[in-house]
Amino acid sequence: MEIDSQKNLLRKQCTYEILDEQYKIQKETYKGQQYSHIYFVRLHLMRTILHSLVSKWKPHLPVRTVLELEEGKECVIVGTLYKHMKLKPTILDEYSKERSVTPLVKPHNFMHPDDYLVLEDDSGRVKLSGAVLLPSVYATGIIVALHGKETCVGDFFVDDILEAGLPPQIERPLIPNEDKYVVFVSGLSIGSSSSNPLQFQLLVDHITGHLGDEEEQGIAAQIVHVVIAGNSVEIPRGLLNGQHLSAKDQTKLTEPLKELDILLNQLAAGLSVDIMPGPSDPANFSLPQQPLHRCLFPGSSAYNTFRSCTNPHCFELDNFRFLGTSGQNADDLDKYSEAKDKLEFMERTLRWRHLAPTAPNTLGCYPFTDRDPFLIESCPHVYFIGNQDKFDTRLIKGSEGQMVRLIAIPRFCENGTAVMLNLRNLDCHVLSFETEFS
């Protein structure tokens, strides 16, 4: 009996493969290039996919360019959507002397009833009309195929819309006969006023098996991987003003990173850990964010189980494919379009086959010239975003049998909640830690 219980407390193992190559900026050099290249590559690749789908969708209709449109003649056009937004912030407003009086806007969303969509291809652009295509659902940068006809006023009246749909998915592995868990946590914000070091220490102790009875430790032994999805530290911005820092201020800058390294050290000693950068971390601001430098983690980086990864991040565990971001892609869509929840934004990005369609228009990204790294060519089994207001999850299905577990990971510093995913059945549940001081 004692031997059996010891077996149960042995850490489960799994195969791991990192697939971040497309998100790494290596040989690219910035030579003043504009962002037109990334839109051209996106249109070229997505148009090929949509053309193959149009032949089954509307086989009786011709596919035309914007310049080839004829009034009253039905056809299909394929191009990039541009959303004209009345309230979209512009840098020119900062310097305009005669600023027009605009209505009060909720700070998180720039939607307006007068917004409209335009479709653009290599030959030109045309304004879109009709009740089928809702401006509130779409944003700039999405590639679609539209069925309709040109009107007498020069608009294209849309009768039907075709999106690329979920991409092909690698075959789902055989259902394992044992539980294996992946833990997701984000928004630790170590160094901020809302951060509670004790809460994160409790999470670390739980994962490493130093908390609870034998049953709890048995569950902890089934945790095979930890993903930290951005905003791990919060460095006081007031100190980063270009001035010489006193020794006291230098300590304030480095203390959050030292604290994070101590905690990651405890995790990496027992199991594999991936850490992704987020908006508040010491990494480049534009997507794809490059891995946090290993010199920031002198203790953790000594372990081969510790990996500093890109954002977005893609990897495989036991042949289950994971894809995720630190939340910027869904947060930006939330500013320029509408959905009932963040999971709906996530589902749309999969159906559009693009991780960050609003980049580079409203979401900062590197000006790639020969590729668009955010195109989703293979459908993940698990798709996650970090730094959200609350935990949410949903299982969605594609037309070709694809199944994807969507996960919105809450900010840990606000509610002490992490997420556990079971690889056996892709079920999710939360891990919550509360501390109270009298």
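The mean pLDDT of this predicted protein model is 90, and 92% of the residues reach 70 or more. The exception to note at the outset is the stretch of residues 1-5, over which the pLDDT is below 50 and which has one contact in the model beyond near neighbours in sequence.

**Nonpolar cores**

The largest nonpolar core is made of 30 residues, and F200, L203, L260 and L264 are those with the most contacts inside it. Several elements contribute at least two residues each to this core, namely the helices α4 (197-207) and α6 (247-268) together with the strands β8 (181-185), β9 (223-229), β10 (272-276) and β17 (417-422). The largest share comes from α6, which supplies six residues of this core. Once its neighbours within four places in sequence are left aside, F200 is in contact with L188, I190, L260, L263 and F412. Separate from this core is a second one of 26 residues, which includes I38, A356, C365 and A408.

**The loop between β9 and α6**

Two residues of the loop between β9 and α6 deserve separate mention, the first of them being S232. With a relative accessible area of 1%, S232 is buried, and, not counting residues up to four places away in sequence, S232 touches L188, S189, I190, L260, I275 and D281. Of these contacts, L188, I190 and L260 also appear among the contacts of F200. The other residue is N231, which lies in the loop between β9 and α6 and has a positive phi, near 55°, in a residue other than glycine. N231 has 13% relative accessibility and therefore counts as buried, the limit being under 20%.

**Helices α7 and α8**

How are the axes of helix α7 and helix α8 placed, in angle and in distance? Helix α7 (residues 328-336) packs against helix α8 (residues 342-351) at an angle of about 105°, and their axes are 10 Å apart. Because angles of 65 to 115 degrees count as roughly perpendicular, α7 and α8 are described as roughly perpendicular to each other. On the α7 side the residues that meet the other helix are A330, D331, L333 and D334, and on the α8 side they are K342, F345 and T349. By class, the contact of α7 with α8 has three nonpolar, one polar and three charged residues.

Which residues of α7 are buried, and what covers them? Those buried in α7 are Q328, N329, A330, D332, L333 and Y336, and what covers them includes β3 (75-84), β13 (320-325), α8 and β14.

Helix α8 is mostly covered, with eight of its 10 residues buried. The buried residues of α8 are K342, L343, F345, M346, E347, R348, T349 and L350, a list that includes K342, F345 and T349 from the contact with α7. The buried residues of α8 pack against α7 and against the strands β14 (382-388), β15 (392-397) and β16 (403-410).

Within helix α8, M346 can be followed in more detail. M346 counts as buried at 1% relative accessibility, and, leaving aside its neighbours within four places in sequence, M346 is in contact with Y383, F384, I385, L406 and I407. M346 and N329 are separated by 17 residues in sequence, and their C-alpha to C-alpha distance in space is 8.7 Å.

**Backbone features**

The backbone of the model contains both cis peptide bonds and positive phi values in residues other than glycine, and the table sets these side by side.

| Residue(s) | Feature | Value |
|---|---|---|
| L287 and P288 | cis peptide bond | omega about -10° |
| A359 and P360 | cis peptide bond | omega near 10° |
| N231 | positive phi, not a glycine | phi near 55° |
| L426 | positive phi, not a glycine | phi about 60° |

The proline of the cis bond from L287, P288, lies in the loop between β10 and β11 (306-308), whereas P360, which follows A359 in the other cis bond listed, is found in the loop between α8 and β14. L426 is placed in the loop between β17 and β18 (427-432), and, with 1% relative accessibility, L426 counts as buried.

Notes: Residues numbered from 1 in each chain as written. Predicted model: local features only at pLDDT ≥ 70, side-chain atom pairs only at ≥ 80, totals over all residues. Heavy atoms only, no water. pLDDT = per-residue confidence, 0-100. Contact = heavy atoms within 4.5 Å. Core = buried A, V, L, I, M, F, W, Y, C linked by side-chain atoms within 4.5 Å. Buried < 20%, exposed > 50% of the residue type's maximum accessible area, 1.4 Å probe, protein only. Helix = DSSP H or I, 4+ residues; strand = E, 2+ residues; numbered from the N terminus. Axes fitted to C-alpha atoms, helices over the stretch in contact; angles between N-to-C directions. Parallel < 35°, antiparallel > 145°, perpendicular 65-115°, else oblique. Nonpolar A, V, L, I, M, F, W, Y, C, P; charged D, E, K, R; others polar.
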